[in-house]
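Work through the exercises below with the sequence and the model open beside you, and attempt each task before reading its solution.

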Amino acid sequence: MPGGATAGTATVIGSLPYTDSDTSPTYLGVWYVYTPTSSLLTVVGGLVTGGSAFVTLVYSPDSATPYLPTVGRESEKPFQIPVVAGTPYYFNIQNDVGAYTFSLIAGPNLVAPTGSIFVNDDHPGYPLALLSVTDGSVLQFVYPFPAGENGDVIASGTHTGRVLVHDRATHHLKLYSPTFDLLTDLPYTSTGNPKYPIRADHTRSQFYVGKPVDPTHGSVATVTTVTSAGAFGPQTWVLPAAGLTAVATNVAGTILYFTGQTSSTNAPVKRWDLVNDVALSNLVAGLGATWLTLFDIIVLADDTIVVSYESTTAATAPVIKHYATDGSVLHTWTMTGDRSTDVHLASALDDPASVWIWTKMNPPPDLNFGTSHFTNVNTSDGTTISSVERREFETGIWLGITAPPPDPERFGHSFSCPFLILRAPVPAPGTVTGTMALTAPTSGDTSALALTGYVTPPRHPDAFCGRRP
Amino acid sequence: MAITLSATAASTAADALCALLNGGHVRIYDGTRPATADTAITTQVLLASPTFANPAFAAAVSGVATAHAVVDDTDAAASGTATWFRAVTSGAASVCDGSVGTADADCILSSTTIIQHGTVSITSVTYTQPLA
């Protein structure tokens, strides 16, 4: 069935997967409409192939309101959009004439086991992606979920698996259960539109969170805590200057490591005495004028410190430095990729034996642009334990400067956002598990045995006289 | 005062009841639980219906029977909040009713929110005939 000539005559897509091949008669294109019926469906993926100039505009909830306006504007690239049951989504395939093929498929709905990769989007309106640690494919999407650049997970204790993220749309901190039910919503407003570093504590079941510019403290950076129960801690530490790109504390919770004060270029990793609330000497100096500390410090469970560095120089791969507590370099891991925007670190399940590192391939015009590498590195010798490579979807669109291969990935994670390793499994959406322990009723003597009878009185011996010998 | 049962007698009773569930179902509903297991269902909505194996249970020991693996309902019938269940025979005759919740219930679920077309999985079932 061809697409409808107008939105009013849009071809109705009844169920997924859906494929239609036809010919578009005009540059105004053709129309389809799909209305999900199940709340289990949170993301659908579209792809139009055929004429190289076809683009697909998406509208919702009516045919005149652009939905996530950039989606589908790049021809022949898969796109993914979050959806809500009962809401119509219109697809206008246009900008070319001739033969086309349109397919629309449902997003994956699989279990995300412990150890899966969490990547939420940096653009509001897009979902959280939970990725396979085996091949990087999306196991399931969680929608709605805040967009932002920072987050971390509680790794031990009663609240293992709870996740705190910064919602860049509201500038709130949001605490989620291990299965992503919203537990707490904490206003945490700063000045401007900064990134709010977040790092989980090792043993105290709390997060350290930072404001790069705190208007209530002279517009310098501050750090405080959020418990895994969702309450701000009692203390705020006021740092010397504005600017803050990463925070982490030692295992004892007595020393704060932080960077990005004033500038992220050639920034030292500084230390702060959390007990006496005073500055300590720097852990290490910056790597030089061409190196940035834009994201992520991690203190491993053995108290050693891992810091990510990105270069501003072309053809220079990002490096990860592994430091002892005295600032001496234990290891330097040179990753793959050129510069690699937004290098992130994540604590591994076997911390401190390994750590996870997320790097990106080279910027345009490199043909590998748009590819993520997730690498699990052995912290004792720097060897790669495992690595997965996966195409990114930025603002919902397959990311790359070339046309996708004939059978491209249909779903993927965002280019930029926080990254962590799940501490608890996330069931497939809509999955409820349970147990039954049934006990037969005993109240009201329903299991009593009711016997009735009578007792015969003893007879006098004289009654037997005639029978006596 | 109620009687007390021997372990053998309790197991016999448990086995008899559990046999009624061979190939039967755990029907999970929303709404108000009926007064008795013989009370007809009225406005309550069937949300999901996992299926017992056949035989449903292994032989009871000291009055306690443990079910064989229950088959998931991978296509829940409706969306709603689960509040109670009725266990029925393969022929849909009522056997027993029980409560559903996330704690302190006969059937404890990870969430009482059932989503249409979702999966409801019962991972273990025990039936106990008390000795006293």
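**Exercise 1.** Locate Pro55(B) between the strands of chain B, and state the geometry of the peptide bond that leads into Pro55(B).

*Solution.* Pro55(B) sits in the loop between β2 (46–48) and β3 (64–66) of chain B, where strands are DSSP runs (E, at least two residues) numbered from the N terminus. The peptide bond from Asn54(B) to Pro55(B) is cis, with omega near 5 degrees.

This is a predicted model, in which local features need pLDDT of at least 70 and side-chain atom pairs count only at pLDDT 80 or more, while totals for chains, interfaces and linings use all residues. Residues are numbered from 1 along each chain as its sequence is written, chains are lettered from A and ligands numbered from 1 in the order in which they are written, and side-chain values use heavy atoms, with hydrogens and water left out.

**Exercise 2.** Decide whether Asp167(A) is buried or exposed, and describe its surroundings.

*Solution.* Begin with strand β13 (residues 163–167) of chain A, in which Asp167(A) lies. Its relative accessible area is 5%, so Asp167(A) is buried (under 20%; exposed is over 50% and partly exposed in between, with a 1.4 Å probe and protein chains only). Leaving aside residues up to four places away in sequence, Asp167(A) touches Pro146(A), Ala147(A), His172(A) and Lys174(A), contact meaning heavy atoms within 4.5 Å. Finally, the side chain of Asp167(A) reaches the backbone nitrogen of Ala169(A) at 2.9 Å.

**Exercise 3.** Which sign does phi take at Asn95(A)?

*Solution.* Although Asn95(A) is not a glycine, its phi is positive, about 75 degrees. Asn95(A) belongs to the loop between β7 (89–94) and β8 (98–106) of chain A, and is partly exposed, with a relative accessible area of 36%.

Notes: Helices (H or I, at least four residues) and strands (E, at least two) are DSSP runs, numbered from the N terminus. A polar contact is a pair of N or O atoms within 3.5 Å; within protein, one must be able to donate a hydrogen and the other to accept it, and residues adjacent in sequence count only if both atoms are side-chain atoms.
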